[in-house]
Amino acid sequence: MSETQTKDAPEKEQDVERRLNMIEAINDALDVSMAKDPDVVVMGEDVGYFGGVFRCTAGLQDKYGKTRVFDTPISECGIIAVAVGMGAYGLRPVPEIQFADYIYPGLDQLISEAARLRYRSAGEYIAPMTVRSPFGGGIFGGQTHSQSPEAIFTHVSGLKTVIPSTPYDAKGLLISAIEDNDPVIFFEPKRIYNGPFSGYYDKPAQPWKRFDESVVPEGHYSIPLGKARRVTEGDRVTILAYGTMVHVVEEVCKQKGVEADILDLRTLVPLDIEAIEASVERTGRCLIVHEATRTSGFGAELSALVTERCFYHLEAPVERVTGFDTPYPHSLEWAYFPGPIRIGEALDKILAE
């Protein structure tokens with residue numbers, strides 16, 4: 001697979017092959033960052049003794065001690081507020097919000113404090129914090145454990161929003177986020193923690209270690225924020241996706257024999273608009289897929305950008321396949337999830353234009 005990333009990230013072929021799932025890659029990124037910089041601090045509900053609800057922080061407290069990896073009360077507002085203060089005083093906190101569904105109590109601190117601190121202090125203070133949080137559905141978590149709130153944060157000037165889709169990217173992007181001097185929201189698609197998801201929920205799960213994207217080099221490497229990854233190259237349609245949906249659209253295109261230019265956005269803010277423009281100008285068609293609700297979802301912004309910048313190259317209207325404007329249903333999980341049927345129908349429609 002080719003990708004639009006800078007030469008700073010090492011080529012996989014040059015490193016000793018080591019295959020990790022996304023949980024292990026995130027844990028490795030935290031370990032590498034904490035070993036490199038003593039100011040990196042990990043905090044959150046159950047991240048210390050238990051190693052996190054998904055085990056992403058397992059073993060870190062034993063290695064770095066309770067002052068650098070510590071459990072917090074169940075208070076998302078307090079977790080974010082403390083992290084803002086830590087960042088202002090020179091630390092690099094990595095708070096975990098156990099599920100993205102519970103990040104809302106911390107919105108005021110993220111929006112009014114973390115995102116504004118550099119601006120309101122004329123650069124005297126910064127908030128170099130990375131908020132990690134599992135998000136998305138596909139695990140029968142229902143309305144309180146399946147939400148995708150990424151669009152809320154892309155609307156806030158001063159915040160960066162990052163969403164990996166592979167173990168290799170998860171480690172490289174998380175290291176970049178921790179080293180960034182601005183606050184970063186790092187959403188982790190929990191449906192693909194242990195392996196990619198094709199969207200066919202009735203088929204056996206596949207472990208990451210069967211896929212090349214699970215090859216994760218040891219030690220430090222980073223992937224620049226704001227650089228998309230080309231998953232497959234084609235000239236019939238551009239597909240913009242991120243997180244779990246990258247794997248779903250790839251499988252649908254494979255099943256239908258569609259030669260699509262699939263771009264994994266990786267970061268929503270900053271956005272690799274140059275890669276998007278170049279792709280759409282070449283294919284003349286654009287399909288946007290995300291799991292979040294449709295109205296005011298990030299797909300709406302992508303659709304507007306593509307229309308504004310590539311209008312005279314478009315041969316068909318921009319199409320979107322998204323979640324519905326309802327709470328995430330527990331009993332109708334796969335009706336809500338933007339699966340192969342709805343994506344296939346959208347592809348048929350846009351290619352028929």
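**Exercises on a predicted model**

Apart from its neighbours within four places in sequence, Ser 133 is in contact (heavy atoms within 4.5 Å) with Ile 97, Phe 99, Ala 100, Phe 186, Phe 187 and Glu 188. The model is predicted, so local features need pLDDT of at least 70 and side-chain atom pairs count only at pLDDT 80 or more, while totals for chains, interfaces and linings use all residues. Residues are numbered from 1 along each chain as its sequence is written, and side-chain values use heavy atoms, with hydrogens and water left out.

**Exercise 1.** Place Ser 133 in the secondary structure and find the backbone oxygen that lies 2.9 Å from its side chain.

Solution.
- Helices (H or I, at least four residues) and strands (E, at least two) are DSSP runs, numbered from the N terminus.
- Ser 133 belongs to strand 4, residues 130–135.
- Its relative accessibility is 0%, so Ser 133 is buried; buried means under 20% relative accessible area, exposed over 50%, and partly exposed in between, with a 1.4 Å probe and protein chains only.
- The oxygen belongs to the backbone of Ile 97, and the atom facing it is a polar atom of the Ser 133 side chain.
- Ile 97 is also one of the contacts of Ser 133.

**Exercise 2.** Describe the surroundings of Gln 98 and its side-chain polar contact with Asp 46.

Solution.
- Gln 98 sits in the loop between strand 3 (92–96) and helix 4 (107–114).
- With a relative accessibility of 16%, Gln 98 is buried.
- A polar contact is a pair of N or O atoms within 3.5 Å; within protein, one must be able to donate a hydrogen and the other to accept it, and residues adjacent in sequence count only if both atoms are side-chain atoms.
- The side chains of Gln 98 and Asp 46 make such a contact at 3.4 Å.
- The Gln 98 side chain also reaches the backbone oxygen of Glu 45, at 3.2 Å.
- Outside its neighbours within four places in sequence, Gln 98 touches Glu 45, Asp 46, Val 53, Phe 54 and Pro 134.

**Exercise 3.** Count the cavities of 30 Å³ or more, then characterise the lining of the largest cavity.

Solution.
- Rolling a probe the size of a water molecule over the atoms shows where empty space is left.
- On a 1 Å grid over the protein atoms alone, a cavity is a set of points where a 1.4 Å probe fits but cannot get out, and lining residues have an atom within 4 Å of a point.
- Points are joined across faces, edges and corners, and the volume is the space filled by probe spheres set on them.
- The count is 1, and the largest cavity holds about 60 Å³.
- Its lining includes Phe 135, Ser 148, Tyr 242, Met 245 and His 290.
- Helix 8 (244–256) and strand 11 (286–293) each contribute at least two lining residues.
- The lining divides into 4 nonpolar, 5 polar and 2 charged residues. Here Ala, Val, Leu, Ile, Met, Phe, Trp, Tyr, Cys and Pro count as nonpolar, Asp, Glu, Lys and Arg as charged, and the others, Gly among them, as polar.

**Exercise 4.** Follow the chain from the cis peptide bond between Val 269 and Pro 270 to the residue just after helix 9.

Solution.
- Omega of the bond joining Val 269 and Pro 270 is about 0 degrees.
- Pro 270 lies in the loop between strand 10 (267–269) and helix 9.
- In helix 9 (residues 273–283), the buried residues are Ile 273, Ala 275, Ile 276, Glu 277, Ser 279, Val 280 and Thr 283.
- Their cover includes strand 7 (229–232), strand 8 (237–241), strand 9 (260–264), strand 11 and helix 10 (298–310).
- Gly 284, just after the helix, has a positive phi of about 80 degrees.

**Exercise 5.** Are Ala 122 and Ser 296 buried or exposed, and where do they lie?

Solution.
- Ala 122, with phi near 55 degrees, is in the loop between helix 5 (117–120) and strand 4. At 74% relative accessibility, Ala 122 is exposed.
- Ser 296, with phi near 60 degrees, is in the loop between strand 11 and helix 10. Its relative accessible area of 60% makes Ser 296 exposed.
- Both phi values are positive in residues other than glycine.

**Exercise 6.** How many disulfides does a search of the whole structure find?

Solution.
- A disulfide is a pair of cysteine sulfur atoms within 2.5 Å.
- The search finds 0.
- For Cys 253, the nearest cysteine sulfur is that of Cys 286, 12 Å away.
- Cys 253 is buried at 4% relative accessibility, whereas Cys 77 is partly exposed at 33%.

Notes
On a 1 Å grid over the protein atoms alone, a cavity is a set of points where a 1.4 Å probe fits but cannot get out, and a pocket is an open set with protein on both sides within 12 Å along at least five of seven lines; lining residues have an atom within 4 Å of a point.
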